[in-house]
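Student: I should like to learn how to read the features of a protein model. May we work through one together?

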Amino acid sequence: LHLMAKAHPDVQFTGVDFWGNVVELNARLLLPNFTVRQGYALPMIEAGLNGDIVHFGSTAARIKQAELQRYLRSIPKYVIFNEPIFKLPDGTLPDPDAVGASIPTLLYPVYAGDRFGGLPPCLCHNYRLLAEEAGFDVVHYEKVYDENRVGSTPRVMLIGKRRT
């Protein structure tokens with residue numbers, strides 16, 4: 001967001017994350033047109049925080065389907081997904097377009113003494129279907145699989161525009 005705000009000083013950018021120190025961590029990157037807010041984005045959006053574009057970058061894969069549907073219902077204009085697709089435990093790569101209900105793909109172990117309970121699973125969603133059901137026209141969609149690039153994580157990239 002810092003780079004986009006720097007390139008487009010006439011546009012307002014707001015980043016939201018639930019980390020307790022997100023504002024301090026980003027303090028040196030803030031600009032007159034780029035602010036950061038601490039909190040959970042969904043209730044903030046439902047309470048009136050809005051913008052022309054809501055961007056999910058490796059975030060929606062951690063959100064359960066019902067909550068992701070709430071996000072999509074609350075976004076007024078555009079949604080962008082840039083989300084990873086993780087292999088299933090058997091090593092196969094799920095096809096997001098073939099997923100009916102969202103399915104867990106990557107589970108993290110919970111270690112003894114972990115006072116936070118570990119990380120949530122990563123899910124494979126049918127982003128195109130969810131966006132369309134929520135009233136978006138999908139104006140760009142691609143699944144990026146670069147099997148030749150070591151360490152490359154397959155991704156879904158989608159841009160949806162709210163139907164008028």
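Tutor: Let us begin with strand pairing, bearing in mind that this is a predicted model. Strands of a sheet pair through backbone hydrogen bonds, either parallel or antiparallel. Here β4 and strand β8 (residues 155-162) pair in the antiparallel sense, over 7 bridges.

Student: Which residue in β8 is the bridge partner of E83?

Tutor: The partner of E83 in β8 is V156.

Student: How many bridges join β3 to β4, and do they run parallel or antiparallel?

Tutor: β3 and β4 run parallel and are joined by 5 bridges. Within this pairing, V54 stands opposite V79 in β4.

Student: In what order do the strands form the sheet?

Tutor: The order is β3-β4-β8-β7, giving an open sheet of 4 strands with mixed pairing. β3 and β7 (136-144) occupy the edges with a single partner strand each, so one side of each has no neighbour in the sheet. On average, neighbouring strands of this sheet are turned by 10 degrees against each other, direction ignored.

Student: Which helix packs on the sheet, and which strands does that helix touch?

Tutor: Helix α4 packs there, touching β3, β4, β7 and β8. The direction of α4 makes about 150 degrees with that of β4.

Student: How do the side chains along β3 point?

Tutor: They alternate along β3. V54 and F56 point to one face and are buried, whereas I53, H55 and G57 point to the other face and are not buried.

Student: Let us turn to aromatic residues. How many aromatic pairs does the structure hold?

Tutor: There are 4 aromatic pairs in the structure. One of them joins F56 and Y71 in an edge-to-face arrangement, with 5.3 Å centre to centre and 85 degrees between the planes. This pair links distant parts of the chain: F56 belongs to strand β3 (residues 53-57) and Y71 to helix α4 (residues 65-74), 15 residues apart. Both F56 and Y71 are buried.

Student: Is the aromatic pair of F56 and F81 stacked or edge-to-face?

Tutor: F56 and F81 are stacked, at 5.0 Å centre to centre and with 25 degrees between the planes. Because F56 lies in strand β3 and F81 in strand β4 (residues 78-84), the pair ties together parts that are 25 residues apart in sequence.

Student: Why is F56 counted as buried?

Tutor: The cut-off for buried is under 20% relative accessible area. F56 is counted as buried because its relative accessible area is 4%. F81 is buried too, with a relative accessible area of 1%.

Student: Which residues form one aromatic cluster?

Tutor: The cluster consists of F56, Y71, F81 and Y127.

Student: Where does the charged end of R128 sit?

Tutor: The charged end of R128 sits over the ring of Y141, at 3.8 Å from the ring centre. In another case, R162 lies over the face of F136, 4.1 Å from the ring centre.

Student: What does D137 touch, beyond residues up to four places away in sequence?

Tutor: With those residues not counted, D137 touches I159, G160, K161 and R163. D137 is located in strand β7, and its side chain makes a polar contact of 2.9 Å with the side chain of R163. The C-alpha atoms of D137 and R162 are 6.2 Å apart, although 25 residues separate the two in sequence. At 38% relative accessibility, D137 counts as partly exposed.

Student: Where is the place of N33?

Tutor: N33 is in the loop between α2 (22-26) and β2 (34-38). N33 is nevertheless buried, with a relative accessible area of 8%. A polar atom of the N33 side chain lies 3.0 Å from the backbone oxygen of H8. Leaving aside neighbours within four places in sequence, N33 is in contact with A5, H8, P9, V11, Q12 and F13.

Student: My last topic is the backbone. What is the phi of S58?

Tutor: Most residues other than glycine have a negative phi. The phi of S58 is near 60 degrees, a positive value in a residue other than glycine. S58 lies in the loop between β3 and α4, and at 38% relative accessibility S58 counts as partly exposed.

Terms used: Residues numbered from 1 in each chain as written. Predicted model: local features only at pLDDT ≥ 70, side-chain atom pairs only at ≥ 80, totals over all residues. Heavy atoms only, no water. Phe/Tyr/Trp six-rings, centres within 6.5 Å; stacked < 30°, edge-to-face > 60°. Helix = DSSP H or I, 4+ residues; strand = E, 2+ residues; numbered from the N terminus. Buried < 20%, exposed > 50% of the residue type's maximum accessible area, 1.4 Å probe, protein only. Lys NZ or Arg CZ within 6 Å of the ring centre and 35° of its normal. Pairing = 2+ DSSP bridges. Axes fitted to C-alpha atoms, helices over the stretch in contact; angles between N-to-C directions. Contact = heavy atoms within 4.5 Å. Polar contact = N/O pair within 3.5 Å; in protein donor to acceptor, adjacent residues only side chain to side chain.
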